[in-house]
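Please walk through this structure from its broad layout down to single residues. The text below is meant to be read beside the sequence and the 3D view.

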Amino acid sequence: MNDVRQLDFSYFPGCSLATTAAESNRSMMQAARILGLNLIELEDWNCCGSSSAQTMCKNLSLAMAARNLSLAPAGRPLVAMCPRCLHYLRSAQECLKAEVETREALEEKWRRPITTDLEIIHFMEVLARYGLDRLQANARRSLKGMRYVPYYGCTLFRPPRLAKEKYFQGEMENILGALGAEAVPDALSYRCCGSFLSATDPEIVTPLVQEIIASAAAAKADCLVTACAMCQLNLEMRNTSKAKIPIFHFSEILALALGAEDYEEWFIRHLVDPRPVIRKLSRAA
Amino acid sequence: MSIAQPLRHDVVTPYLEKTGKPGLSLAAEVKEQSGTDLFRCYQCRSCGNGCPFVQAMDYTPNQVLRLVQFGMRREVLSCKTIWICVGCHTCSSQCPMSIDIASVMDTLRLMAVEEGVAIGKPNIIDFHEEVLRSLEKYGRAHKLGIMLGYKRQTGRWLKDLDVGLKMLAKRKLDLIPSRVRDVKEITELFQCYWRESA
Ligand code: SF4
Ligand code: SF4
(Lines give C-alpha, C1' and ligand atoms only; values in the text may rest on other atoms or scores of the structure.)
(Ligands and ions follow the chains in the order given, each with its own letter.)
Protein backbone atom coordinates (compact mmCIF):
# COMPACT_ATOMS: atom_id res chain seq x y z
CA MET A 1 0.00 0.00 0.00
CA ASN A 2 2.87 2.28 0.72
CA ASP A 3 3.97 1.87 -2.82
CA VAL A 4 0.92 3.62 -4.27
CA ARG A 5 2.14 6.37 -6.49
CA GLN A 6 1.57 9.72 -4.80
CA LEU A 7 -0.25 12.23 -6.95
CA ASP A 8 0.19 15.87 -6.02
CA PHE A 9 -2.67 18.36 -5.98
CA SER A 10 -3.01 21.92 -4.80
CA TYR A 11 -5.85 21.99 -2.35
CA PHE A 12 -8.28 24.81 -1.67
CA PRO A 13 -10.14 24.07 1.59
CA GLY A 14 -12.42 27.13 1.68
CA CYS A 15 -13.69 28.89 4.79
CA SER A 16 -16.25 26.32 5.94
CA LEU A 17 -13.94 23.35 5.92
CA ALA A 18 -11.10 25.35 7.40
CA THR A 19 -13.19 26.39 10.41
CA THR A 20 -16.64 24.95 11.07
CA ALA A 21 -15.65 21.55 9.80
CA ALA A 22 -11.95 21.63 10.66
CA GLU A 23 -11.61 18.13 12.06
CA SER A 24 -13.24 16.46 9.11
CA ASN A 25 -10.94 18.46 6.89
CA ARG A 26 -7.89 17.10 8.66
CA SER A 27 -9.11 13.52 8.62
CA MET A 28 -9.92 13.86 5.00
CA MET A 29 -6.44 15.00 4.17
CA GLN A 30 -5.09 12.00 6.04
CA ALA A 31 -7.51 9.75 4.22
CA ALA A 32 -6.47 11.22 0.91
CA ARG A 33 -2.83 10.56 1.68
CA ILE A 34 -3.62 6.89 2.37
CA LEU A 35 -5.06 6.80 -1.13
CA GLY A 36 -1.93 8.32 -2.58
CA LEU A 37 -3.62 11.64 -3.20
CA ASN A 38 -1.36 14.25 -1.78
CA LEU A 39 -3.40 17.39 -1.09
CA ILE A 40 -1.06 20.32 -0.63
CA GLU A 41 -2.91 23.23 0.94
CA LEU A 42 -2.74 26.33 -1.21
CA GLU A 43 -0.26 28.66 0.47
CA ASP A 44 -2.05 31.66 2.05
CA TRP A 45 -5.36 31.07 0.24
CA ASN A 46 -8.25 33.45 0.81
CA CYS A 47 -12.04 33.17 0.72
CA CYS A 48 -13.29 32.46 -2.82
CA GLY A 49 -15.53 35.53 -2.55
CA SER A 50 -18.69 33.57 -1.76
CA SER A 51 -22.17 34.81 -2.51
CA SER A 52 -21.61 37.96 -0.47
CA ALA A 53 -18.88 39.31 -2.71
CA GLN A 54 -20.78 38.11 -5.76
CA THR A 55 -23.80 40.04 -4.53
CA MET A 56 -22.06 43.24 -3.69
CA CYS A 57 -19.33 43.77 -6.23
CA LYS A 58 -18.42 41.89 -9.35
CA ASN A 59 -14.83 43.09 -9.47
CA LEU A 60 -14.27 42.16 -5.87
CA SER A 61 -15.59 38.67 -6.29
CA LEU A 62 -13.51 38.15 -9.40
CA ALA A 63 -10.37 39.46 -7.75
CA MET A 64 -10.80 37.36 -4.62
CA ALA A 65 -11.13 34.17 -6.62
CA ALA A 66 -8.32 35.27 -8.93
CA ARG A 67 -5.89 35.78 -6.05
CA ASN A 68 -6.24 32.10 -5.25
CA LEU A 69 -5.52 31.20 -8.86
CA SER A 70 -2.42 33.39 -8.72
CA LEU A 71 -1.17 31.39 -5.73
CA ALA A 72 -1.61 28.00 -7.35
CA PRO A 73 1.61 26.56 -8.73
CA ALA A 74 1.37 25.51 -12.37
CA GLY A 75 1.69 21.85 -13.16
CA ARG A 76 -0.66 20.36 -10.63
CA PRO A 77 -4.46 20.55 -10.58
CA LEU A 78 -6.23 22.71 -8.04
CA VAL A 79 -8.70 20.70 -5.99
CA ALA A 80 -11.62 22.34 -4.23
CA MET A 81 -13.82 20.55 -1.74
CA CYS A 82 -16.66 23.05 -1.64
CA PRO A 83 -18.87 23.03 -4.74
CA ARG A 84 -19.51 26.76 -4.47
CA CYS A 85 -15.83 27.63 -4.21
CA LEU A 86 -15.33 25.46 -7.26
CA HIS A 87 -17.93 27.48 -9.20
CA TYR A 88 -16.37 30.78 -8.24
CA LEU A 89 -12.83 29.65 -9.02
CA ARG A 90 -13.88 28.25 -12.38
CA SER A 91 -15.93 31.31 -13.27
CA ALA A 92 -12.99 33.55 -12.42
CA GLN A 93 -10.72 31.47 -14.61
CA GLU A 94 -13.18 31.70 -17.52
CA CYS A 95 -13.33 35.42 -17.05
CA LEU A 96 -9.55 35.88 -16.86
CA LYS A 97 -9.17 33.83 -20.01
CA ALA A 98 -11.57 36.10 -21.85
CA GLU A 99 -10.43 39.41 -20.37
CA VAL A 100 -6.70 39.55 -20.87
CA GLU A 101 -6.44 43.13 -19.63
CA THR A 102 -8.07 42.33 -16.32
CA ARG A 103 -5.71 39.42 -15.90
CA GLU A 104 -2.65 41.47 -16.68
CA ALA A 105 -3.71 44.19 -14.27
CA LEU A 106 -4.04 41.66 -11.47
CA GLU A 107 -0.76 39.99 -12.36
CA GLU A 108 0.95 43.31 -12.15
CA LYS A 109 -0.67 44.15 -8.84
CA TRP A 110 0.47 40.92 -7.24
CA ARG A 111 3.64 40.43 -9.25
CA ARG A 112 2.69 36.83 -9.93
CA PRO A 113 1.59 35.12 -13.10
CA ILE A 114 -1.90 33.63 -13.27
CA THR A 115 -2.01 30.42 -15.25
CA THR A 116 -5.34 30.25 -17.00
CA ASP A 117 -5.05 26.66 -18.09
CA LEU A 118 -4.80 25.36 -14.56
CA GLU A 119 -7.14 22.42 -14.10
CA ILE A 120 -9.68 23.12 -11.34
CA ILE A 121 -11.46 20.03 -10.08
CA HIS A 122 -13.66 18.88 -7.28
CA PHE A 123 -12.34 16.33 -4.81
CA MET A 124 -15.02 13.84 -5.79
CA GLU A 125 -13.89 14.08 -9.37
CA VAL A 126 -10.34 13.27 -8.26
CA LEU A 127 -11.53 10.26 -6.33
CA ALA A 128 -13.67 8.98 -9.16
CA ARG A 129 -10.82 9.44 -11.61
CA TYR A 130 -7.86 8.09 -9.66
CA GLY A 131 -9.11 6.61 -6.48
CA LEU A 132 -11.82 3.98 -6.89
CA ASP A 133 -9.54 0.91 -6.81
CA ARG A 134 -7.29 2.56 -4.26
CA LEU A 135 -10.37 3.15 -2.17
CA GLN A 136 -11.42 -0.47 -2.21
CA ALA A 137 -7.89 -1.65 -1.47
CA ASN A 138 -7.60 0.65 1.55
CA ALA A 139 -11.04 0.49 3.11
CA ARG A 140 -10.85 -0.50 6.78
CA ARG A 141 -14.48 -0.22 7.73
CA SER A 142 -17.25 -1.50 5.53
CA LEU A 143 -20.18 0.82 4.98
CA LYS A 144 -22.38 -2.13 4.17
CA GLY A 145 -25.91 -1.61 5.37
CA MET A 146 -25.69 2.15 5.54
CA ARG A 147 -28.63 3.67 3.70
CA TYR A 148 -27.81 7.25 2.83
CA VAL A 149 -29.33 10.05 0.80
CA PRO A 150 -26.70 11.47 -1.55
CA TYR A 151 -27.50 15.10 -0.93
CA TYR A 152 -26.07 17.31 -3.65
CA GLY A 153 -28.08 20.43 -2.94
CA CYS A 154 -27.21 22.95 -5.61
CA THR A 155 -23.88 21.26 -6.39
CA LEU A 156 -25.21 19.88 -9.63
CA PHE A 157 -26.88 23.06 -10.77
CA ARG A 158 -24.59 25.26 -12.72
CA PRO A 159 -24.74 28.59 -14.40
CA PRO A 160 -25.16 28.11 -18.15
CA ARG A 161 -21.65 29.54 -18.71
CA LEU A 162 -20.19 26.50 -16.93
CA ALA A 163 -22.49 24.04 -18.65
CA LYS A 164 -19.63 22.38 -20.49
CA GLU A 165 -17.79 21.55 -17.28
CA LYS A 166 -17.85 18.13 -15.73
CA TYR A 167 -21.14 17.05 -14.20
CA PHE A 168 -21.02 15.35 -10.81
CA GLN A 169 -24.23 13.39 -11.05
CA GLY A 170 -23.77 9.98 -9.50
CA GLU A 171 -20.21 10.48 -8.34
CA MET A 172 -21.01 10.31 -4.66
CA GLU A 173 -22.91 7.09 -5.36
CA ASN A 174 -19.95 5.66 -7.27
CA ILE A 175 -17.54 6.41 -4.47
CA LEU A 176 -19.63 5.46 -1.46
CA GLY A 177 -21.04 2.51 -3.39
CA ALA A 178 -17.51 1.20 -3.80
CA LEU A 179 -17.33 1.21 0.00
CA GLY A 180 -20.54 -0.76 0.39
CA ALA A 181 -23.04 1.98 1.26
CA GLU A 182 -26.47 1.97 -0.29
CA ALA A 183 -27.80 5.15 -1.89
CA VAL A 184 -31.45 6.00 -1.31
CA PRO A 185 -32.58 7.56 -4.56
CA ASP A 186 -36.05 8.80 -3.71
CA ALA A 187 -35.47 11.76 -1.39
CA LEU A 188 -34.98 15.45 -2.10
CA SER A 189 -31.33 15.18 -3.11
CA TYR A 190 -31.21 18.31 -5.20
CA ARG A 191 -33.22 20.77 -3.14
CA CYS A 192 -31.10 23.76 -2.13
CA CYS A 193 -30.26 23.96 1.60
CA GLY A 194 -31.02 27.66 1.81
CA SER A 195 -27.47 28.96 1.73
CA PHE A 196 -27.18 32.34 3.50
CA LEU A 197 -30.96 32.55 4.03
CA SER A 198 -30.41 30.12 6.86
CA ALA A 199 -28.59 32.93 8.67
CA THR A 200 -30.73 35.87 7.55
CA ASP A 201 -34.22 34.40 7.34
CA PRO A 202 -34.47 31.10 9.19
CA GLU A 203 -38.27 31.17 8.90
CA ILE A 204 -37.93 30.78 5.13
CA VAL A 205 -35.43 27.94 5.35
CA THR A 206 -36.78 25.89 8.25
CA PRO A 207 -39.87 24.51 6.45
CA LEU A 208 -37.76 23.68 3.38
CA VAL A 209 -35.18 21.82 5.45
CA GLN A 210 -38.04 20.05 7.16
CA GLU A 211 -39.25 18.81 3.79
CA ILE A 212 -35.80 17.52 2.87
CA ILE A 213 -35.45 15.67 6.16
CA ALA A 214 -39.01 14.32 5.94
CA SER A 215 -38.29 12.97 2.47
CA ALA A 216 -35.21 11.20 3.81
CA ALA A 217 -37.17 9.80 6.74
CA ALA A 218 -39.94 8.57 4.44
CA ALA A 219 -37.33 6.81 2.32
CA LYS A 220 -36.02 5.17 5.51
CA ALA A 221 -32.52 6.57 5.15
CA ASP A 222 -30.05 6.32 8.05
CA CYS A 223 -28.39 9.60 7.17
CA LEU A 224 -27.79 12.22 4.54
CA VAL A 225 -24.36 12.75 3.04
CA THR A 226 -23.62 16.19 1.67
CA ALA A 227 -21.06 17.43 -0.81
CA CYS A 228 -20.82 20.80 0.91
CA ALA A 229 -19.98 21.82 4.47
CA MET A 230 -22.54 24.61 4.49
CA CYS A 231 -25.32 22.23 3.46
CA GLN A 232 -24.23 19.92 6.25
CA LEU A 233 -24.58 22.67 8.81
CA ASN A 234 -27.81 24.14 7.46
CA LEU A 235 -29.57 20.79 7.32
CA GLU A 236 -28.68 20.01 10.93
CA MET A 237 -29.17 23.49 12.29
CA ARG A 238 -32.54 24.24 10.69
CA ASN A 239 -34.18 20.91 11.30
CA THR A 240 -36.74 21.46 14.03
CA SER A 241 -38.85 18.41 13.28
CA LYS A 242 -38.93 15.32 15.44
CA ALA A 243 -37.21 13.17 12.88
CA LYS A 244 -33.54 13.67 13.67
CA ILE A 245 -31.41 12.24 10.92
CA PRO A 246 -27.68 12.79 11.12
CA ILE A 247 -26.08 14.70 8.29
CA PHE A 248 -22.51 13.87 7.30
CA HIS A 249 -20.14 15.73 5.14
CA PHE A 250 -18.89 13.42 2.45
CA SER A 251 -15.31 13.66 3.74
CA GLU A 252 -16.34 12.36 7.16
CA ILE A 253 -17.80 9.19 5.70
CA LEU A 254 -14.74 8.72 3.58
CA ALA A 255 -12.39 9.11 6.53
CA LEU A 256 -14.54 6.73 8.54
CA ALA A 257 -14.37 4.05 5.87
CA LEU A 258 -10.62 4.43 5.59
CA GLY A 259 -10.30 3.63 9.26
CA ALA A 260 -9.92 7.01 10.94
CA GLU A 261 -9.63 6.37 14.66
CA ASP A 262 -10.40 9.86 15.90
CA TYR A 263 -13.97 10.02 14.64
CA GLU A 264 -15.47 10.33 18.13
CA GLU A 265 -13.66 13.65 18.36
CA TRP A 266 -15.36 15.15 15.39
CA PHE A 267 -18.66 13.37 15.89
CA ILE A 268 -19.36 15.26 19.07
CA ARG A 269 -19.38 18.44 17.04
CA HIS A 270 -22.48 17.33 15.17
CA LEU A 271 -25.72 18.96 16.21
CA VAL A 272 -27.54 15.68 15.57
CA ASP A 273 -25.91 12.69 17.26
CA PRO A 274 -24.53 10.44 14.50
CA ARG A 275 -23.51 7.58 16.75
CA PRO A 276 -26.58 5.38 16.11
CA VAL A 277 -25.51 5.13 12.46
CA ILE A 278 -22.05 3.99 13.50
CA ARG A 279 -23.47 1.47 15.95
CA LYS A 280 -25.59 0.07 13.16
CA LEU A 281 -22.50 -0.27 11.00
CA SER A 282 -20.51 -2.10 13.65
CA ARG A 283 -23.44 -4.42 14.32
CA ALA A 284 -23.59 -5.27 10.64
CA ALA A 285 -19.84 -5.91 10.48
CA MET B 1 -47.18 51.49 -7.73
CA SER B 2 -46.08 53.86 -10.40
CA ILE B 3 -47.09 53.46 -13.99
CA ALA B 4 -44.42 51.78 -16.05
CA GLN B 5 -42.76 53.67 -18.81
CA PRO B 6 -41.78 50.94 -21.16
CA LEU B 7 -38.89 51.57 -23.51
CA ARG B 8 -38.88 55.33 -23.27
CA HIS B 9 -35.78 56.64 -24.86
CA ASP B 10 -35.85 60.17 -23.57
CA VAL B 11 -35.41 59.45 -19.86
CA VAL B 12 -32.00 60.07 -18.37
CA THR B 13 -31.20 56.71 -16.87
CA PRO B 14 -28.24 56.19 -14.55
CA TYR B 15 -26.82 54.14 -17.37
CA LEU B 16 -26.97 57.13 -19.66
CA GLU B 17 -25.35 59.30 -17.04
CA LYS B 18 -22.60 56.75 -16.48
CA THR B 19 -21.81 55.83 -20.05
CA GLY B 20 -23.09 58.69 -22.14
CA LYS B 21 -24.81 56.09 -24.29
CA PRO B 22 -28.45 57.07 -24.68
CA GLY B 23 -31.48 55.10 -25.56
CA LEU B 24 -30.81 51.82 -23.87
CA SER B 25 -33.89 50.22 -22.39
CA LEU B 26 -33.62 48.69 -18.94
CA ALA B 27 -33.66 45.27 -20.58
CA ALA B 28 -30.78 46.13 -22.88
CA GLU B 29 -28.87 47.56 -19.96
CA VAL B 30 -29.36 44.45 -17.87
CA LYS B 31 -28.48 42.31 -20.84
CA GLU B 32 -25.23 44.17 -21.30
CA GLN B 33 -24.22 44.09 -17.66
CA SER B 34 -25.20 40.50 -16.95
CA GLY B 35 -24.11 39.03 -20.25
CA THR B 36 -27.46 37.26 -20.35
CA ASP B 37 -29.92 37.56 -23.19
CA LEU B 38 -33.16 37.87 -21.30
CA PHE B 39 -35.12 38.66 -24.44
CA ARG B 40 -35.05 34.92 -25.07
CA CYS B 41 -37.38 34.33 -22.11
CA TYR B 42 -40.81 33.26 -23.31
CA GLN B 43 -42.39 33.09 -19.86
CA CYS B 44 -42.70 29.34 -19.63
CA ARG B 45 -42.48 29.83 -15.84
CA SER B 46 -40.27 26.80 -15.17
CA CYS B 47 -38.01 29.02 -13.13
CA GLY B 48 -40.87 30.30 -11.02
CA ASN B 49 -42.18 26.82 -10.42
CA GLY B 50 -38.79 25.38 -9.57
CA CYS B 51 -37.28 28.02 -7.33
CA PRO B 52 -37.21 26.64 -3.77
CA PHE B 53 -37.68 30.09 -2.25
CA VAL B 54 -40.47 31.39 -4.43
CA GLN B 55 -42.94 31.49 -1.54
CA ALA B 56 -40.90 34.15 0.22
CA MET B 57 -40.54 36.26 -2.92
CA ASP B 58 -42.74 39.16 -3.96
CA TYR B 59 -42.23 38.40 -7.68
CA THR B 60 -41.42 35.00 -9.12
CA PRO B 61 -38.14 34.85 -11.07
CA ASN B 62 -40.00 34.90 -14.42
CA GLN B 63 -41.95 37.95 -13.25
CA VAL B 64 -38.67 39.66 -12.43
CA LEU B 65 -37.56 39.06 -16.01
CA ARG B 66 -40.89 40.41 -17.21
CA LEU B 67 -40.52 43.57 -15.13
CA VAL B 68 -37.11 44.09 -16.69
CA GLN B 69 -38.47 43.55 -20.18
CA PHE B 70 -41.23 46.06 -19.49
CA GLY B 71 -38.73 48.60 -18.23
CA MET B 72 -40.28 48.81 -14.76
CA ARG B 73 -37.09 49.93 -13.16
CA ARG B 74 -38.26 51.04 -9.74
CA GLU B 75 -40.47 48.00 -9.15
CA VAL B 76 -37.79 45.54 -10.04
CA LEU B 77 -34.87 47.23 -8.30
CA SER B 78 -36.75 47.58 -5.03
CA CYS B 79 -38.25 44.10 -4.97
CA LYS B 80 -37.47 41.42 -2.40
CA THR B 81 -36.87 38.65 -4.90
CA ILE B 82 -33.48 39.88 -6.08
CA TRP B 83 -32.19 39.70 -2.49
CA ILE B 84 -33.82 36.41 -1.55
CA CYS B 85 -32.30 34.67 -4.57
CA VAL B 86 -29.31 32.67 -3.31
CA GLY B 87 -27.98 31.91 -6.78
CA CYS B 88 -28.53 28.17 -6.47
CA HIS B 89 -29.14 27.87 -10.22
CA THR B 90 -32.03 25.49 -9.81
CA CYS B 91 -33.85 27.75 -12.25
CA SER B 92 -31.21 28.15 -14.92
CA SER B 93 -30.65 24.41 -14.94
CA GLN B 94 -34.31 23.99 -15.82
CA CYS B 95 -34.67 26.92 -18.17
CA PRO B 96 -35.39 25.70 -21.72
CA MET B 97 -33.65 28.82 -23.07
CA SER B 98 -30.55 28.46 -20.90
CA ILE B 99 -31.03 31.88 -19.40
CA ASP B 100 -28.67 32.66 -16.53
CA ILE B 101 -31.37 33.98 -14.22
CA ALA B 102 -29.07 34.22 -11.21
CA SER B 103 -26.72 36.51 -13.08
CA VAL B 104 -29.68 38.76 -13.93
CA MET B 105 -30.43 38.84 -10.19
CA ASP B 106 -26.76 39.68 -9.46
CA THR B 107 -26.92 42.55 -11.92
CA LEU B 108 -30.19 43.88 -10.53
CA ARG B 109 -28.82 43.84 -6.97
CA LEU B 110 -25.78 45.78 -8.02
CA MET B 111 -27.95 48.28 -9.87
CA ALA B 112 -30.19 48.64 -6.80
CA VAL B 113 -27.16 49.40 -4.65
CA GLU B 114 -25.63 51.77 -7.18
CA GLU B 115 -28.84 53.67 -7.72
CA GLY B 116 -29.58 53.88 -4.04
CA VAL B 117 -33.17 52.62 -4.25
CA ALA B 118 -34.91 51.33 -1.14
CA ILE B 119 -33.57 47.81 -0.61
CA GLY B 120 -36.32 45.18 -0.67
CA LYS B 121 -34.73 43.01 2.02
CA PRO B 122 -32.47 45.24 4.13
CA ASN B 123 -31.55 42.47 6.55
CA ILE B 124 -29.96 40.49 3.71
CA ILE B 125 -27.81 43.34 2.49
CA ASP B 126 -26.75 43.88 6.13
CA PHE B 127 -25.64 40.29 6.28
CA HIS B 128 -23.60 40.48 3.09
CA GLU B 129 -21.99 43.67 4.38
CA GLU B 130 -21.06 41.88 7.57
CA VAL B 131 -19.48 39.02 5.62
CA LEU B 132 -17.55 41.51 3.53
CA ARG B 133 -16.28 43.24 6.66
CA SER B 134 -14.95 39.90 7.82
CA LEU B 135 -13.36 39.18 4.46
CA GLU B 136 -11.78 42.59 4.34
CA LYS B 137 -10.26 42.14 7.78
CA TYR B 138 -9.13 38.53 7.60
CA GLY B 139 -9.37 37.47 3.98
CA ARG B 140 -11.54 34.59 5.17
CA ALA B 141 -15.00 34.37 6.66
CA HIS B 142 -15.00 34.40 10.45
CA LYS B 143 -18.40 32.98 11.24
CA LEU B 144 -18.64 34.00 14.87
CA GLY B 145 -17.67 37.57 14.07
CA ILE B 146 -20.20 37.64 11.26
CA MET B 147 -22.98 36.27 13.45
CA LEU B 148 -22.24 38.70 16.27
CA GLY B 149 -21.99 41.70 13.99
CA TYR B 150 -25.04 40.73 12.02
CA LYS B 151 -27.27 40.03 14.97
CA ARG B 152 -26.22 43.25 16.60
CA GLN B 153 -27.01 45.19 13.51
CA THR B 154 -30.48 43.89 12.96
CA GLY B 155 -31.32 43.34 16.60
CA ARG B 156 -32.24 39.71 16.05
CA TRP B 157 -30.06 38.25 18.74
CA LEU B 158 -32.81 36.58 20.71
CA LYS B 159 -34.44 35.07 17.70
CA ASP B 160 -31.49 32.83 16.95
CA LEU B 161 -29.62 32.75 20.22
CA ASP B 162 -30.42 29.14 20.79
CA VAL B 163 -28.84 27.89 17.60
CA GLY B 164 -25.85 30.18 18.07
CA LEU B 165 -25.19 28.86 21.56
CA LYS B 166 -25.52 25.29 20.36
CA MET B 167 -22.98 25.98 17.65
CA LEU B 168 -20.61 27.58 20.13
CA ALA B 169 -20.92 24.63 22.46
CA LYS B 170 -20.13 22.29 19.60
CA ARG B 171 -17.15 24.42 18.67
CA LYS B 172 -18.68 25.01 15.27
CA LEU B 173 -17.83 28.67 15.68
CA ASP B 174 -14.18 29.40 16.14
CA LEU B 175 -13.37 32.16 18.57
CA ILE B 176 -10.22 33.10 16.76
CA PRO B 177 -10.49 33.85 13.06
CA SER B 178 -8.39 32.00 10.54
CA ARG B 179 -6.70 34.66 8.46
CA VAL B 180 -4.69 35.36 5.37
CA ARG B 181 -1.05 36.25 6.07
CA ASP B 182 -0.73 38.81 3.33
CA VAL B 183 -3.96 40.51 4.25
CA LYS B 184 -2.92 43.74 2.58
CA GLU B 185 -3.42 42.09 -0.79
CA ILE B 186 -7.01 41.51 0.24
CA THR B 187 -7.78 44.89 1.77
CA GLU B 188 -6.58 46.56 -1.39
CA LEU B 189 -9.30 44.77 -3.31
CA PHE B 190 -12.03 46.41 -1.26
CA GLN B 191 -12.01 49.65 -3.12
CA CYS B 192 -15.60 49.56 -4.36
CA TYR B 193 -16.55 53.12 -5.11
CA TRP B 194 -19.95 52.95 -3.46
CA ARG B 195 -18.84 51.38 -0.26
CA GLU B 196 -17.27 52.79 2.85
CA SER B 197 -14.29 50.81 3.95
CA ALA B 198 -14.62 49.07 7.32
S1 SF4 C 1 -37.48 29.13 -17.30
FE2 SF4 C 1 -36.37 30.46 -18.74
S3 SF4 C 1 -37.77 30.77 -20.48
FE4 SF4 C 1 -38.98 29.92 -18.78
S5 SF4 C 1 -39.82 31.73 -17.75
FE6 SF4 C 1 -37.92 31.23 -16.68
S7 SF4 C 1 -36.34 32.43 -17.71
FE8 SF4 C 1 -38.15 32.45 -19.04
S1 SF4 D 1 -30.96 30.95 -8.53
FE2 SF4 D 1 -32.33 32.32 -7.40
S3 SF4 D 1 -34.18 32.44 -8.59
FE4 SF4 D 1 -33.04 30.69 -9.34
S5 SF4 D 1 -33.87 28.95 -8.21
FE6 SF4 D 1 -32.09 29.66 -7.07
S7 SF4 D 1 -32.90 31.14 -5.58
FE8 SF4 D 1 -34.50 30.81 -7.13
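Helices here are DSSP runs of H or I with at least four residues, strands are runs of E with at least two, and both are numbered from the N terminus. The model is a predicted one. With that numbering, Arg45(B) can be placed in the loop between α2 and α3 of chain B.

Chain A comes first. This chain is divided into domain 1, residues 7-122, and domain 2, residues 140-284. Between the C-alpha centres of domain 1 of chain A and domain 2 of chain A there is a distance of 24 Å.

One helix of chain A shows how burial can be arranged. Helix α8 of chain A covers residues 171-178, and its buried residues are Glu171(A), Met172(A), Ile175(A) and Leu176(A). Viewed down the axis of α8(A), these buried residues fall within an arc of 115°, so they line one face of the helix. They pack against α7 (123-138), β5 (147-151), β7 (223-226) and α12 (250-257) of chain A. After α8(A) comes Gly180(A), with a positive phi near 100°.

Two other residues of chain A are worth locating. Gln232(A) belongs to helix α11 of chain A, which spans residues 229-237. Gln232(A) has a relative accessible area of 5%, and it counts as buried because that value is under the cut-off of 20%. From the C-alpha atom of Gln232(A) to that of Ala105(A) is 38 Å, and 127 residues separate the two along the chain.

Ser195(A) sits in the loop between β6 (182-183) and α9 (197-200) of chain A. Is Ser195(A) buried or exposed? Its relative accessibility is 12%, so Ser195(A) counts as buried. Neighbours within four places in sequence aside, Ser195(A) is in contact with Ser51(A), Met230(A) and Asn234(A), and also with Val86(B). Val86(B) appears again among the residues around ligand 2.

Chain B can be described as a whole before its parts. It has 12 helices and 0 strands. Of the 198 residues in chain B, 51% are buried. Among contacts in chain B with a separation of 6 or more, 65% are between residues 24 or more positions apart. The accessible surface of chain B is about 9600 Å², and carbon and sulfur atoms account for 55% of that surface.

Helix α2 of chain B leads into the loop that holds Arg45(B). In α2(B), the buried residues are Leu26(B), Ala27(B), Ala28(B), Glu29(B), Val30(B) and Ser34(B). Gly35(B), just after α2(B), takes a positive phi of about 65°.

Further on lies the loop between α2 (26-34) and α3 of chain B, where Gln43(B) is placed. Gln43(B) is not a glycine, yet its phi is positive, near 55°. Arg45(B), in the loop between α2 and α3 as well, also is not a glycine and has a positive phi of about 70°. The relative accessibility of Arg45(B) is 52%, so this residue counts as exposed.

Tyr42(B) is found in the loop between α2 and α3 of chain B too. Which residues does Tyr42(B) touch, not counting those up to four places away in sequence? They are Pro96(B) and Met97(B). The C-alpha atoms of Tyr42(B) and Met97(B) are 8.4 Å from each other, although these positions lie 55 residues apart along the chain count.

The ligands remain. There are 14 residues around ligand 1, and those that come nearest are Cys41(B), Cys44(B), Arg45(B), Cys47(B) and Cys95(B). The elements giving two or more residues to this shell are α3 (46-50) and α4 (61-69) of chain B. By class, the shell around ligand 1 has 10 nonpolar, 3 polar and 1 charged residues.

Around ligand 2 there are several cysteines, namely Cys51(B), Cys85(B), Cys88(B) and Cys91(B). Pro52(B), Phe53(B), Pro61(B), Val86(B), Gly87(B), His89(B) and Thr90(B) are the other residues around ligand 2. The shell around ligand 2 divides into 8 nonpolar and 3 polar residues, with no charged ones.

Definitions and conventions
Residues numbered from 1 in each chain as written. Chains lettered and ligands numbered in written order. Predicted model: local features only at pLDDT ≥ 70, side-chain atom pairs only at ≥ 80, totals over all residues. Heavy atoms only, no water. Domains from an automatic or database assignment. Near = heavy atom within 4 Å. Nonpolar A, V, L, I, M, F, W, Y, C, P; charged D, E, K, R; others polar. Buried < 20%, exposed > 50% of the residue type's maximum accessible area, 1.4 Å probe, protein only. Contact = heavy atoms within 4.5 Å. Areas by Shrake-Rupley, 256 points an atom, 1.4 Å probe, with all protein chains shown as cover. Arc of directions from axis to C-beta.
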